[in-house]
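User: Hi! I'm new to this one and would love a quick tour. Can you put the structure up so we can talk it through?

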Amino acid sequence: MEKRIRQLLARRDHEVLLQHPTLLLLALALGFVIMDPLEMSPVGGHDFRPVKNDIAPYNRVVANWPWDNHSRLGYAKLEFEDQVYGPESLEFDSLGRGPYAGLADGRIIRWMGEDEGWQTFALVTRTWTEKLCAKGVDSTTYKQWKVEERCGRPLGLRFDKKTGDLYIADAYHGLMVVGPEGGIATSLATYVDGTPVLFANDLDIHSNGSIFFTDSSNKYNRVDHFLIMLEGEASGRLLRYDPPTGTTHVVLDGLAFANGVQLSQDQSFLLFTETTNCRLLKYWLEGPKSGEVEVIADLPGFPDNVRLNEKGEFWVAIDCCRTRAQEVLIHNPWIRNIYFRLPVRISYLAKLMGMKMYSVISLFNDQGRVLDVLEDRNGEIMQLVSEVREEKGKLWIGTVAHNSIATLSYP
């Protein structure tokens, strides 16, 4: 009987579609979009399986955030325009020289002063050649993507102040190190527990020599990083490399776009960011909470690197901002599965969601309380920001997307 009823219902639905050709065409069009056979959508050619994100409610975060109504970051100064290409992370050595910066063309460069300018300090692969990799201002565009894996993409940078060695998180070559004199970096960690480090992103060095670093995704690499957020997948990891044994260990997994990482001043904990879930988290290394994770701040945008200042406070770079329309997509993966399969460029789909990216940098204490916020609401200086370093009364601001560094006197 039940089988007969199902047959009658199926027949009825079939007849409805035949009697209403408009519905039939809509059904066919929807099916075509979902299947994306020509791979014309932003997610075409990928095993795109959206999931629901673990993210704080938009209204609550926006209502409680201490916005910078004076847009003070807009007063920053752009330096080294078209001399540096996507300087994601900035570092200074133990002698105060720098900044050092990792570029989109695969080089790590060092500022030598007005007379000498920028000098190539290190490379992350021996396959690097100027002909293949050096695309100048186009290094931060799609023109670099096809060669990015061969040329390397250094992201997080940290000096070991004891040895002078520079440690590098390269998006394709994992955790690396190069000596105080520079040269070709040596690979330290590209696998953990039999799985590749697919997207090394940032790192920090413990006083005992251990190196904590993030692997943003075990599904998508850096070129496809936007898919991590669109899908909401959580295969990111916080890893630890132990130099004496040369072994790498998984500290935390199941992270949604693990990104920046920073040890506290007393090294009893570290902070790290989850870009997809727009939050700052604390992982306890010592004390009664050792091994526990806490969310200490929900953010209005998408965080990147975290850096410590001399007072033990934390600067977080944030690409702002979340929108109400985006909130609907976050909580409805099936809508995302259709929306991002439309044959429309991702930039236009983002604009339809009301997203107008601009830079926010925020200072937090160790409890996650916001101490200061600086914004560039009009995107006059940078639309995307990746890192903030406070050094000798000045903020040095890096960006993965633009060809300059911003500086601002602070406080």
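User: Let's start with β15 and β16. How many residues sit between them in the hairpin?

Analyst: There are 4 residues between β15 and β16 in that hairpin. One residue in the turn, Gly246, has a positive phi of about 65°. Keep in mind that this is a predicted model.

User: Okay! And in which sense do those two strands pair?

Analyst: They pair in the antiparallel sense, over 6 bridges. Strand β15 covers residues 236-242, and strand β16 covers residues 247-255.

User: Which residue in β16 is the bridge partner of Tyr241?

Analyst: That would be Thr248.

User: Nice. What holds paired strands together in general?

Analyst: Strands of a sheet pair through backbone hydrogen bonds, and the pairing can be parallel or antiparallel.

User: Now the open sheet of 4 strands. What order do the strands come in?

Analyst: The order is β6-β7-β8-β10, with antiparallel pairing. At the edges are β6 (154-159) and β10 (186-189), each pairing on one side only. On average, neighbouring strands in this sheet are turned by 30° against each other, direction ignored.

User: Over how many bridges do β8 and β10 pair?

Analyst: Strand β8, residues 174-178, pairs with β10 over 3 bridges in the antiparallel sense. In one of the matches, Met176 has Ser187 in β10 as its bridge partner.

User: Switching topic: how many salt bridges are there?

Analyst: The count comes to 21 salt bridges. One of them joins the side chains of Arg107 and Asp105, at 3.0 Å from N to O.

User: Is that pair buried or exposed?

Analyst: Buried, on both sides. Arg107 has a relative accessible area of 17%, and for Asp105 the value is 1%. Buried means under 20%, so Arg107 qualifies.

User: Which residues are linked with Glu274 in a network of salt bridges?

Analyst: Asp54 and Arg279 are linked with Glu274 in that network. The side chains of Glu274 and Arg279 meet at 2.6 Å, N to O. Glu274 is buried, with a relative accessible area of 2%, and Arg279 is buried too, at 13%.

User: Why can side chains like that pair up at all?

Analyst: Side chains of opposite charge can pair when their charged atoms come close.

User: One last pair, please. What does the side chain of Arg389 meet in a salt bridge?

Analyst: Arg389 meets the side chain of Glu391, with 3.0 Å from N to O. Arg389 counts as buried, at 12% relative accessibility.

Note on methods. Residues are numbered from 1 along each chain as its sequence is written. This is a predicted model: local features need pLDDT of at least 70, side-chain atom pairs count only at pLDDT 80 or more; totals for chains, interfaces and linings use all residues. Side-chain values use heavy atoms; hydrogens and water are left out. A salt bridge is a side-chain nitrogen of Lys or Arg within 4 Å of a carboxyl oxygen of Asp or Glu. Buried means under 20% relative accessible area, exposed over 50%, partly exposed in between (1.4 Å probe, protein chains only). Two strands pair if DSSP finds at least two bridges between them. Axes are lines fitted to C-alpha atoms, for helices over the stretch in contact, and angles run from 0 to 180 degrees between N-to-C directions.
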